[in-house]
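Trainee: I would like to request a close look at a single part of this chain. Please take one helix first, and then place it in its surroundings.

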Amino acid sequence: MRKIAYSLAIVLLLSACNSESTDKSKAEEQTKQEVMYMEEALLGKWQGMIEIPQSPLEIILNLEESSGSISVPAQGVSDFAFESIKYNESDLAITINLAGSQIKIAGKLKNETVEGTFMQNGQSYPITLKPYKETPVTYDELLIPVAGGELKAALERPVKATGELVIIHAGSGPTNKDGNTIGAGSNNSLKMIAESLAEKGISSIRFDKRGIGDNTALTKKEEELTFDMYVEDVKAIVDYAKKADRFNDIHLLGHSEGALIMTLAAQQNDVASLISIAGIGRPANEVLMEQLSASLPPNLLLESEKALQQLKAGKKVEAVSAQLQSLFRPSVQPYIISWLKYDPQQEISNVNVPIIILQGKKDIQVTEKDAENLYAANNQATIHYFDKMNHVLKDVEGDRDQNLASYYNPGLPLTNGLIEEITEFIKQ
């Protein structure tokens, strides 16, 4: 690798100057001079993960000779300028002042990989960065008018379109248009669905939910977000698609929590069908308690149960233990209240279009019982199980660890037969 040499203090030697003051100045500057070297291979864009336990976070660093920037796609941070950057051969040290929070990144180039640490607020996490690879954009970007501004969405168009359109809604939490959740890795499940449908001649629209990624600005404060806003966003997309006058039929596809959102949207819009994938079939408080019982000690489990009962009654919880803040923090309680008022069985019973319920038998978040409940609630529904499909729509055969590892593996293909089942349902 070539090295670039540059000085932090430039010494200018003028042979015509031979005075005593010039000699003194020359000596002082030579003493101050710090010549540092950098590996040329460090320059450019790097991509990797901050290895935060249970919630790794993707970052992109753009390294220049005397400046640079950081992007955090999942948090809507794009090309935020460094406060400083220093190189010493294959080492680099970066400081960033982000909203008053001091961030330091230290790394070393080793065999085309930058390994180091990310430090913020007294916490330190390992990072591993690889040369950035631009992801080819296969879709058209749309700007759809919604409450509070415009929703940025991705229209995946096939070469030979059938006239069918599928609107895709992601699952719970900060999940983007590709099906990737902050802190739960990249699996690209929804991206794969959109691209696979395009190969079958079916168009699709998918989008980052308001408050994250491309649509971060649509939610100024977390406490303003409600479940019903997501439903209204879908309604706006349906209206937009109808005005586009290029789609014969519009189908709604929801994954996990998105299945309930699309169920509500199907009641309110003139659409052709509803596709529910890994949708819960019980009130959300029951599902949450089931999931929490596997990880919380008895005292916190009891506190969670009481909190959910209060929130389901439409009342905020004033005191929450520190260990439960991520789940019941005050700013997220309005959203939980708006979500808990819906019973998925009751809501799907009010849908008057064809429905298909798709469920994986390896799903460790949503059960076959949930699918059965939904199926029993509407006589227009059909149901299909996939023996090896888990919650992120990938085939797994091993234990829980292998199941969870698939959440972080975008290289795994979709469950065998999933796209065919969706396509056949749409075109019937």
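Mentor: The buried residues of helix H6 pack against three other helices, namely H5 (284–292), H7 (325–328) and H8 (333–340). This packing is read from a predicted model, and the confidence of the prediction is taken up at the end. H6 itself runs over residues 298–312. Its 15 residues reach 21 Å from the first C-alpha to the last, close to the 21 Å expected at 1.5 Å a residue.

Which residues of H6 are buried? They are Leu 300, Ser 304, Ala 307, Leu 308 and Leu 311. These residues lie on the same side of H6, because the arc they cover around the axis is only 100°. A general rule helps in reading this pattern: an α-helix has 3.6 residues a turn, so residues three or four places apart point the same way. The face turned away from the buried side carries exposed residues, which are Pro 298, Asn 299, Lys 306 and Gln 309. H6 thus presents a buried side and, turned away from that side, a face with exposed residues. Just after the helix, Gly 314 takes a positive phi of about 85°.

A strand can also show two faces, and E9, residues 101–110, is a useful companion to the helix. Its side chains alternate along the strand. Ser 101, Ile 103, Ile 105, Gly 107 and Leu 109 point to one face and are buried. Gln 102, Lys 104, Ala 106, Lys 108 and Lys 110 point to the other face and are not buried.

E9 has a partner on each side in the sheet order, E8 and E10. Strand E8 (residues 91–98) is joined to E9 by eight bridges, and the two run antiparallel. In this pair, Leu 98 has Ser 101 of E9 as its bridge partner. Two residues lie between E8 and E9 in their hairpin, where Ala 99 takes a positive phi near 55°. E9 and E10 are likewise antiparallel and joined by eight bridges, with Ile 103 opposite Gln 120 in E10. Their hairpin also has two residues between the strands, and Asn 111 in the turn has a positive phi of about 50°.

The next pairing is that of E10 (residues 113–120) with E11 (residues 123–131), antiparallel over seven bridges. Here Gly 116 stands opposite Ile 127 in E11. These strands belong to an open, antiparallel sheet of nine strands, in the order E6-E5-E4-E3-E11-E10-E9-E8-E7. E6 (77–81) and E7 (84–88) stand at the edges; each has a single partner strand, so one side of each is left without a neighbour in the sheet. On average, neighbouring strands are turned by 25° against each other, direction ignored.

In the chain as a whole there are twelve helices and 19 strands, and 46% of its 428 residues count as buried.

Finally, how far may the model be trusted? The mean pLDDT of the chain is 88, and 89% of the residues reach 70 or more. Over residues 1–22, however, the pLDDT stays under 50, and the model has 37 contacts beyond four places in sequence for them. Residues 24–35 are also below 50, with 13 contacts beyond near neighbours in sequence. Where pLDDT is low, the predicted coordinates should not be read in detail.

Technical notes. Residues numbered from 1 in each chain as written. Predicted model: local features only at pLDDT ≥ 70, side-chain atom pairs only at ≥ 80, totals over all residues. Heavy atoms only, no water. pLDDT = per-residue confidence, 0-100. Contact = heavy atoms within 4.5 Å. Pairing = 2+ DSSP bridges. Helix = DSSP H or I, 4+ residues; strand = E, 2+ residues; numbered from the N terminus. Axes fitted to C-alpha atoms, helices over the stretch in contact; angles between N-to-C directions. Expected span 1.5 Å × (residues − 1). Buried < 20%, exposed > 50% of the residue type's maximum accessible area, 1.4 Å probe, protein only. Arc of directions from axis to C-beta.
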